[in-house]
Amino acid sequence: MTGTDKTLIGRSMPRIEDDRLLDGAGCFVDDIVMPGMVHMAILRSSDAHGRIVSIDCSAARLVPGVIDVFTAADWPGELPVIPMRLIPLKSSEPFLQRPLASEKVRYVGEPVAVVIARDRRTAEDALEYLELEIDALEPVVTRDQAESAAGDALLVAEAKSNVSAHYLIGRGDIEDAFARAEVTLKKSFQSHRQTASPLETRGMIADFDRAAGRLTIHGASKVTFFNRIHLARAFDLDTDNVDLIATDVGGGFGVRGELYPEYYLAAEASRRTGRPVKWIEDRREHFTATNHSRDVDCDLEVAALRDGTILGMRGRVRADMGAYVRTNGNVVPAKAAQFLPGPYRVPAFACEVLALMTNKTPVGTYRGPGRIEANFFRERMLDMLADELAMDPATLRLKNLIGEAEMPFDTGDLLPNAQKVVFDSGDYPATFKLLLDECGWQPGAAEPSCERLPDGRRVAIGLACFNESSGGGLYENARIRVAPSGEITVSTGSSSMGQGVETAMCQICAAALSVPPERITVALSSTTLLSDGVGSFHNRSTVMAGSAVGKAARTLLDIARAEAARRLNTAPEGLDYDNGVFSDRDQPDRGIRLAELAAMLSDAGGLDVESRYEQAPLGFSFGAHAARVAVDPGTGDVEVLDYWVVEDVGRVLNPALVEGQTVGGVVQGLGDALFGELVYDDQGQLLTASFADYLLPTSTEVPNIRAVATGDYPSPHNPYGFKGAGEGGIVAVAAAVGNAIARAIGPGCEGPCQTPFHPERIIALLSAAKGKET
Amino acid sequence: MSEPQNLRLNVNGVSCAVSVEPSTSLADVLRQELRLTALHLGCEHGVCGACNVLMDGRAVRACLTLAVQAENADVRTLEGLGDDRIVAVLKQTFREFRALQCGFCTPGILVLAVDLLSGSDAPSEEEVRDVLSGNLCRCTGYQPIIAAIMEAARRLRGVA
């Protein structure tokens with residue numbers, strides 16, 4: 001390790017993205033204007049379920065400014081099927097979406113026709129002239145309806161049911177655990193439908209050059225290489241001739257950048273018209289077109305001894321998938337089930353998993369997919385178990401958390417694709433104790449009684465623990481080039497979603513090459529910069545792309561060292577290297593710079609290395625949250641007064657970036673737990689399609705948040721010891737706030753088992769508690 | 001569609017003639033006609049504040065303001081505040097406190113903070129939270145933005 005490495009890794013290096021963004025000089029996709037560019041608007045179904053009888057486009061074609069209109073019937077050849085990217089299951093295949101609805105519509109918001117016009121207003125206004133006739137069918141809106149659906153309620157008749165996946169996972173002897181139990185508890189939980197709501201909606205510009213057989217899409221992000229392969233297939237192009245160009249993006253949080261229908265529609269619109277076609281989603285459209293998430297319920301049962309030892313858990317998890325299985329939809333039920341035992345021993349576990357199709361917007365991943373749900377279900381259950389055992393909830397957790405001596409901890413096969421999962425490192429009770437210190441909770445002390453504020457509100461603290469996987473996605477590529485000018489350019493398959501990936505890659509590259517960060521340019525913009533790559537999801541950019549950058553740097557320095565030795569006529573091991581210069585150890589005045597080597601090697605391609613980092617087993621971070629909330633017994637209003645997070649994220653690359661991720665994640669989680677809910681009526685109409693109805697947290701609703709990232713337990717599975725840090729802030733918020741509310745309401749009330757914690761629900765719990773007291 | 005109307009706008013100290021339909025928003029004119037793309041459109045219904053611009057010194061939603069309403073007003077976008085001392089200090093504290101991540105909401109928040117700090121040199125944290133509650137940020141959780149605005153106010157008052 002060189003001197004620069006020691007000082008750079010672990011330092012809160014300033015973000016290299018900030019200057020352009022603070023000047024308003026970022027380049028977001030709607031800022032781009034191309035010569036001859038036209039605009040696309042999409043006619044979306046306003047019915048949740050029905051048969052398309054006819055679509056008449058003739059009037060829309062006559063609107064001045066309209067250039068073209070197309071529907072599924074106009075698609076050249078078969079409509080492409082949008083594939084599953086993560087956890088592809090055979091049983092989900094009948095439920096995959098095509099870019100345009102042909103015989104049936106299955107959710108409000110499903111694309112039916114496309115208008116291309118000279119400007120966005122004209123295109124949007126012309127949608128009014130499209131005459132779409134739909135023969136309505138009974139919509140399937142709830143999980144219960146989906147589970148028992150038959151006849152016309154089947155979304156896809158050939159599939160013969162609305163169940164897209166049904167499987168069992170588990171470990172240990174569950175029957176024995178429940179037979180030996182001294183206490184069992186069974187509860188039903190529900191996590192509501194939410195969406196990430198990045199502040200920038202989705203958008204893109206597609207530019208199809210038919211003569212050259214090239215497709216360029218500006219505004220891509222997240223998983224550009226996967227998307228490139230499938231777009232190339234759909235339009236019969238060479239993969240190398242499809243270029244997905246990433247721009248600045250206004251937040252991703254899991255929902256942006258997946259292979260959505262609009263990628264295909266914009267590409268086809270450009271192919272038909274021979275012009276660059278821009279599509280910018282409006283906010284209302286975003287609410288029905290962009291992935292929803294977290295719509296999961298669970299029957300959960302726990303078996304324990306009187307001393308608090310958990311023997312087993314069994315559950316039944318049902319996810320409302322919406323109308324189609326999206327690229328990453330299967331992640332939601334899979335992770336909601338896999339993470340149910342969480343960071344605890346739970347020697348026996350069994351879970352039945354059901355993915356159910358309804359006439360609602362399809363579901364995909366949103367920051368902490370499945371974890372939010374599993375943590376809420378389990379952590380609420382543990383507090384109820386603690387009450388049942390008259391035990392301090394912290395003591396109950398300490399008794400069951402996995403300790404350092406038990407690492408690595410084999411979790412068994414808890415995924416449908418039989419991927420083996422092992423917790424790599426950590427001392428969960430020790431890290432949990434740090435949180436207890438932070439929030440002043442004395443484990444084992446008498447139950448801290450609920451405090452009363454002078455205004456009558458009841459105040460209490462709730463606790464929650466979680467662990468969280470990071471990395472994943474098989475591999476990542478990185479390329480480093482040294483120009484003869486001395487400029488160093490680093491590219492990775494991970495792209496930035498606004499969380500500071502450019503800064504992180506710059507920092508790792510500068511450390512690995514032992515050069516000042518100012519000399520490094522980060523280019524994450526295009527799929528042409530690398531031969532292959534994966535992307536930004538699952539807490540993986542720092543872990544996977546960062547490790548790939550480190551590997552590329554080592555290879556590059558090896559090549560440079562060999563050439564330097566040849567030029568200096570000495571042995572490679574006789575050279576010292578620092579700050580971009582190789583020097584002869586015996587004659588330190590004889591040296592050669594990386595830039596010079598790049599020029600000397602120009603006939604052999606210069607100093608230009610692309611490396612692939614293959615996935616090692618996943619790293620698991622562990623953390624705990626505490627929330628101090630005030631509940632107003634008169635109105636049911638919940639205010640979060642203080643919030644604490646402690647997380648072991650392995651080795652910390654940039655503490656300020658990690659803290660930013662954690663605090664931002666907590667606030668997102670608070671909004672999801674307390675405010676935003678996607679509500680459908682019984683006809684499958686979305687009732688909350690604006691920021692006036694789907695509420696996001698604002699600055700007056702957020703408490704002071706203390707986030708502590710420890711670097712105590714580096715992951716043994718990657719060269720830097722990193723674990724992911726992007727999701728730890730959000731994943732246990734509903735759990736901690738739910739537990740705090742239950743304690744504030746006090747004994748006699750089982751507390752909230754459903755999110756969100758809207759006042760009317762809290763009032764109902766308060767009156768139930770009152771009823772029991774009297 | 002109605003007839004385009006000729007307007008004279010005063011944007012960032014420069015007078016310019018534009019021809020727009022009466023229903024065109026100020027945001028669309030600024031972004032599309034004048035290519036001032038620092039302001040962003042996050043919701044187009046006046047909730048998120050990413051499109052804030054100063055009109056006669058006060059922050060307004062450019063998405064809810066019609067271009068015709070801005071005639072005779074002094075319109076300033078973030079691009080036109082490059083020499084403003086308050087903006088310069090805010091940009092510095094935003095950097096130091098990590099008050100931005102994706103940066104999409106940032107121009108609207110900077111414009112809002114300029115409006116706040118022009119009228120009040122020592123706002124309380126509660127006042128800052130209150131004013132900032134008119135803008136949405138999905139990345140930072142607001143905590144660093146509040147700290148950055150408070151610190152900028154301190155520096156502008158000359159408190160070290």
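These exercises walk through a predicted two-chain model, each with a worked solution.

Residues are numbered from 1 along each chain as its sequence is written, while chains are lettered from A and ligands numbered from 1 in the order in which they are written. Since the model is predicted, local features need pLDDT of at least 70, side-chain atom pairs count only at pLDDT 80 or more, and totals for chains, interfaces and linings use all residues.

**Exercise 1. Confidence**

Find the mean pLDDT of chain A and of chain B, and the stretch of chain A where pLDDT stays under 50.

Step 1. Recall that pLDDT is the predictor's confidence in each residue, from 0 to 100. Chain A has a mean of 94, with 98% of its residues at 70 or more; chain B has a mean of 96, with 99% at 70 or more.

Step 2. Look at the start of chain A: over residues 1-5, pLDDT stays under 50. For that stretch the model has 10 contacts beyond four places in sequence; a contact requires C-beta atoms, placed from the backbone, within 7 Å.

Step 3. Add the scores for the model, ipTM 0.97 and pTM 0.96.

**Exercise 2. The seven-stranded sheet**

Work out the strand order of the open sheet of seven strands in chain A, and which strands stand at its edges.

Step 1. Fix the vocabulary: helices (H or I, at least four residues) and strands (E, at least two) are DSSP runs, numbered from the N terminus. Two strands pair if DSSP finds at least two bridges between them.

Step 2. Read the order as β3-β5-β1-β12-β9-β10-β11 (chain A), with mixed pairing. The edges belong to β3 (66-71) and β11 (242-246) of chain A; each has a single partner strand, so one side of each lacks a neighbour in the sheet.

Step 3. Check the twist. On average, neighbouring strands are turned by 20 degrees against each other, direction ignored; axes are lines fitted to C-alpha atoms, for helices over the stretch in contact, and angles run from 0 to 180 degrees between N-to-C directions.

Step 4. Zoom in on one pair. Strands β1 (residues 38-44) and β12 (residues 277-280) of chain A are parallel, with two bridges, and V38(A) sits opposite V277(A) in β12(A).

Step 5. Place the helices. Helix α7 (residues 224-234) of chain A packs on the sheet against β10 (214-220) and β11, with a direction about 145 degrees from that of β11(A). Helix α8 (residues 261-273) of chain A touches strands including β1, β3 and β12, and its direction makes about 40 degrees with that of β9(A).

**Exercise 3. Strand β28 and its partners**

Decide which strands pair with β28 (residues 638-648) of chain A, and in what sense.

Step 1. Start with β27 (residues 619-631) of chain A: it pairs with β28(A) in the antiparallel sense over 10 bridges. V629(A) stands opposite V640(A).

Step 2. Inspect the hairpin of β27(A) and β28(A). Six residues lie between the strands, and G636(A) takes a positive phi near 80 degrees.

Step 3. Turn to β29 (residues 704-710) of chain A, which pairs with β28(A) in the parallel sense over seven bridges. Here T710(A) is the bridge partner of D648(A).

Step 4. Ask about burial (20 or more other C-beta atoms within 10 Å is buried, 12 or fewer exposed, in between partly exposed, with C-beta atoms placed from the backbone). Eight of the 11 residues of β28(A) are buried, so this strand is largely enclosed by the rest of the structure.

**Exercise 4. The nonpolar core**

Which residues touch the most other members of the largest nonpolar core?

Step 1. Define the core: buried Ala, Val, Leu, Ile, Met, Phe, Trp, Tyr and Cys residues joined through C-beta atoms within 7 Å.

Step 2. Of its 294 residues, those with the most contacts to other members are M40(A), V115(A), C509(A), V549(A), V629(A), V737(A) and I741(A). Helix α15 (residues 541-568) of chain A supplies the largest share, 11 residues.

Step 3. Follow I741(A): beyond four places in sequence, I741(A) touches residues including V629(A), V638(A) and F757(A).

**Exercise 5. Where the chains meet**

How many residues does each chain bring to the contact?

Step 1. Chain A brings 38 residues and chain B brings 36. On the side of chain A, α17 (655-674) gives the most, with seven residues.

Step 2. Zoom in on G24(A), in the loop between α2 and β1 of chain A. G24(A) is buried, with 23 other C-beta atoms within 10 Å, and its contacts beyond four places in sequence are A38(B), L78(B), E79(B) and P107(B).
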